[in-house]
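Please open the structure in your viewer and keep the selection tool at hand. The tour below proposes a series of selections and states what is to be found at each.

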Amino acid sequence: MLTPSEPYELPGGCEDPRVVHVGDTFYMTYTGYDGTSALLCLATSKDLVHWEKHGPLFPELHDPIHGDKPWNKSGAILSTPIDGTYWMYFGESHVFWARSKDLIHWETVGNDDPVAKPVHPWEGSLIEPGPPPLRTDDGHILLVYNARSDGKGGYTKGQYSTGQLLIDPADPTKAVARLERPFLVPTSADEQDGQVNHVVFTEGLVRFRDAWFLYYGMADSVLGVAVWRPGPAG
C-alpha cells in the first residue's frame with residue numbers, strides 16, 4: 001500500500017495511480033500533492049505491497065493552466081519499448097510526452113512540444129491521459145484520455161468525458177488521429193451527482209478473458225467499470 005510520507009505528498013496525499021508491469025517490476029505513477037503543487041511521482045514494487053518511492057519526476061515543470069507554480073500529473077506509461085526507449089504521456093491541459101531508457105529516469109521537453117491539444121468542443125481547454133496506453137494490432141499507440149468541457153457544443157460546462165487518440169510509433173511525440181466525440185460520457189445518477197458533478201474519469205484498463213474492463217471515477221465519489229467484449233471480427 002502507498003501512503004503519504006514525503007513533503008511533496010503532505011498534507012494533500014497520493015492520488016491518481018496508474019500501474020504497468022514490466023519484467024518483474026510494477027511501475028506506478030501517481031500524483032503527490034502538498035496542498036500547493038501537484039507533482040507526477042514514481043514508485044516501484046515487486047509484489048504490489050511494498051513500494052519504493054522515487055520522488056517527483058519533473059519537480060520544477062509547470063502546466064500552462066496553473067501558471068508558473070510546479071504542476072504536472074497523470075502519467076501513463078507504455079509498457080512496451082520502442083527501439084529501446086519507453087514512452088510516457090502526461091499533463092492536465094495538453095498531453096505531453098516523456099521518454100526513458102530504464103523506466104526510472106525520465107526526460108521531457110515539457111510544454112514546448114505537446115502530443116495533443118484540445119480541439120473539439122467536448123474537450124474544452126483540458127485534456128489529460130487516462131489509463132496506460134496500448135499497442136494496437138497494426139502497431140499504433142492507443143491512448144484513452146479524459147477531457148473537460150467549457151460548456152460549448154451542447155456539452156455541460158465542467159463535464160468530464162473520455163476519448164481516444166492514436167499515436168504513430170514512428171514518431172511517438174505526435175497524435176495522428178482522434179475521436180471527434182467522446183465514447184464515454186456521464187449519464188447515470190452516480191456520474192451526474194457527487195463530489196464533482198458530471199464526471200467520468202478513466203484511469204485503469206484491463207483485459208480479462210474475452211473482455212476489456214475500463215475502470216473510472218464517477219463524479220469523483222465512487223468507482224465504476226465499463227465493459228467491452230469484441231464481436232466475432234473484434
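Begin by selecting Asp-63 together with Glu-92: a polar atom of the Asp-63 side chain lies 3.1 Å from the backbone nitrogen of Glu-92. The model on display is a predicted one. Add Ser-93 to the selection, and a polar contact of 2.7 Å appears between its side chain and that of Asp-63.

Where along the chain does Asp-63 sit? Its place is the loop between strand E4 (51–56) and strand E5 (76–77). Asp-63 is buried but takes part in no salt bridge. The nearest side chain of opposite charge belongs to Lys-73, which is 9.2 Å away. A salt bridge requires the nitrogen and oxygen to be within 4 Å. Now display the surroundings of Asp-63: leaving aside residues up to four places away in sequence, Asp-63 touches Trp-71, Gly-91, Glu-92, Ser-93, Phe-96 and Asn-111.

**The sheet**

Phe-96, one of the residues touched by Asp-63, leads to the next stop. Select Phe-90 and Phe-96: Phe-96 is the bridge partner of Phe-90 in E7. Widen the selection to strands E6 and E7, which pair in the antiparallel sense over five bridges. Then add E5, and an open sheet of three strands is displayed, in the order E5-E6-E7 with antiparallel pairing. E5 and E7 are the edge strands, as each of them pairs on one side only.

**The nonpolar cores**

Next, select Tyr-89 and Val-95. Within the largest nonpolar core, which has 17 residues, these two touch the most other members. Which elements give two or more residues to this core? They are strand E6 (86–90), strand E10 (141–148) and strand E11 (160–167). The most comes from E10, which gives four residues. For a second and separate core, of 16 residues, select Val-20, Phe-58, Ile-77 and Tyr-86, which are among its members.

**The salt bridges**

Side chains of opposite charge can pair when their charged atoms come close. The count of salt bridges in this model comes to eight.

For one of them, select Glu-203 and Arg-18, whose side chains meet with N and O 3.7 Å apart. Glu-203 belongs to strand E13 (residues 200–208) and Arg-18 to strand E1, so this pair ties together parts that are 185 residues apart in sequence. Are the two partners buried or exposed? Glu-203 is buried because its relative accessible area is 19%, and the cut-off for buried is under 20%. Arg-18 is also buried, with a relative accessible area of 3%.

Move on to Arg-99 and Glu-107, which form a salt bridge whose closest N and O atoms are 2.7 Å apart. Arg-99 counts as partly exposed at 33% relative accessibility, and Glu-107 counts as partly exposed at 44%.

Then select Lys-174 and Asp-113, whose side chains meet in a salt bridge of 2.3 Å, N to O. This pair links distant parts of the chain, 61 residues apart. Lys-174 lies in the loop between E11 and strand E12 (175–178), while Asp-113 lies in the loop between strand E7 (96–100) and strand E8 (126–129). Lys-174 is partly exposed, with a relative accessible area of 30%, and Asp-113 is partly exposed at 22%.

To finish this stop, select Asp-16, Lys-73 and Glu-92: salt bridges that share partners join these residues into one network. Two of these names have appeared before: Lys-73 as the nearest side chain of opposite charge to Asp-63, and Glu-92 as the residue whose backbone nitrogen lies 3.1 Å from that side chain.

**Backbone details**

Three further selections concern the backbone. Select Leu-10 and Pro-11, which are joined by a cis peptide bond with omega of about 5°. Pro-11 is in the segment before strand E1 (13–22).

Now go to the loop between strand E14 (211–218) and strand E15 (222–228), where Ala-219 is found. Ala-219 is not a glycine, yet its phi is positive, at about 55°. Asp-220 lies in the loop between E14 and E15 as well, and its phi is near 55°, a positive value in a residue other than glycine. Which of the terms buried, partly exposed and exposed applies to each of these residues? Ala-219 is buried, with a relative accessible area of 0%, whereas Asp-220 is partly exposed, with a relative accessible area of 42%.

Conventions. Residues numbered from 1 in each chain as written. Predicted model: local features only at pLDDT ≥ 70, side-chain atom pairs only at ≥ 80, totals over all residues. Heavy atoms only, no water. Buried < 20%, exposed > 50% of the residue type's maximum accessible area, 1.4 Å probe, protein only. Lys, Arg positive; Asp, Glu negative; His and termini not counted. Polar contact = N/O pair within 3.5 Å; in protein donor to acceptor, adjacent residues only side chain to side chain. Contact = heavy atoms within 4.5 Å. Core = buried A, V, L, I, M, F, W, Y, C linked by side-chain atoms within 4.5 Å. Pairing = 2+ DSSP bridges.
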